[in-house]
Amino acid sequence: MNTIRSNQRYVLKGYSPVACGNEETWRDFMRSPENVLVAHDQIGTRYTIITIFLGFNSGTESRPVFFQTSVIGQTGHTHGEAADWDQAQNNHRRNLKGSRLLAQHLDSVDAGTSKSFKPVGITSHPNEIHF
């Protein structure tokens, strides 16, 4: 069994994080984008959604976090964390869908063709979007 520690380096074996005791092996693994990129999508010019393998546990031993999804937008970004590959992909898909819907709405507002709702209470803060 692979013991999870917060100060340990990890590589992916298949889709699972495994401890890597050799720093040179870890660095070589992390330098390769195909090893760390889980998913990347662009929504027009408004948003970029990217999910990566971190190479370390940014969580705790009881709640590990090996993956991060970031939504980078015009005024800031938000993110989601995941312990495993499947959870990371689900976070990515959820953020992608939400970003597409918000981009479509903002495009229609910009074009003056929005017949739906007016955004109420949408604010951005460092690392967050609040609805």
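Q: Where do D28 and R31 lie, and how many residues apart are they?
A: In this predicted model, both sit in helix α1, three residues apart, which is about one turn of the helix.

Q: What makes the contact between the side chains of D28 and R31 a salt bridge?
A: The N to O distance comes out at 3.2 Å. The cut-off is within 4 Å for a Lys or Arg side-chain nitrogen and an Asp or Glu carboxyl oxygen, so D28 and R31 qualify.

Q: Why is R31 called exposed?
A: R31 has a relative accessible area of 59%. Exposed means over 50%, so the label fits R31.

Q: And why does D28 get the label partly exposed?
A: Its relative accessible area is 45%. Buried needs under 20% and exposed needs over 50%, so D28 at 45% falls in between.

Q: How do you know that E23 and R9 form a salt bridge?
A: Same kind of check: the side chains meet at 3.5 Å, N to O, and the rule asks for within 4 Å. So this pair passes too.

Q: Which parts does the pair of E23 and R9 tie together?
A: E23 lies in helix α1 (residues 23-31) and R9 in the segment before β1 (10-13), so the bridge connects parts that are 14 residues apart in sequence.

Q: Are E23 and R9 buried, exposed or partly exposed?
A: E23 has 34% relative accessibility and R9 has 32%. Partly exposed covers the range between under 20% and over 50%, so both count as partly exposed.

Q: What makes R46 and D107 a salt bridge?
A: Their closest N and O atoms are 2.8 Å apart, and the limit is within 4 Å, so the pair counts. This one links distant parts of the chain: R46 is in the loop between β3 and β4 (47-53), D107 is in helix α3 (residues 85-111), and they are 61 residues apart.

Q: Why is R46 called buried?
A: R46 has a relative accessible area of 12%. Buried means under 20%, so R46 makes the cut. Its partner D107, at 45%, is partly exposed.

Q: Which residues do salt bridges that share partners join into one network?
A: R9, E23 and R27. By the rule used here, the count comes to four salt bridges.

Q: Which residues does A39 touch, leaving out those up to four places away in sequence?
A: I49, I50, T51 and H92. A39 itself is in strand β3 (residues 37-43). The C-alpha atoms of A39 and H92 are 7.2 Å apart, with their positions 53 residues apart along the chain.

Note on methods:
Residues are numbered from 1 along each chain as its sequence is written. This is a predicted model: local features need pLDDT of at least 70, side-chain atom pairs count only at pLDDT 80 or more; totals for chains, interfaces and linings use all residues. Side-chain values use heavy atoms; hydrogens and water are left out. Helices (H or I, at least four residues) and strands (E, at least two) are DSSP runs, numbered from the N terminus. Contact means heavy atoms within 4.5 Å. Buried means under 20% relative accessible area, exposed over 50%, partly exposed in between (1.4 Å probe, protein chains only).
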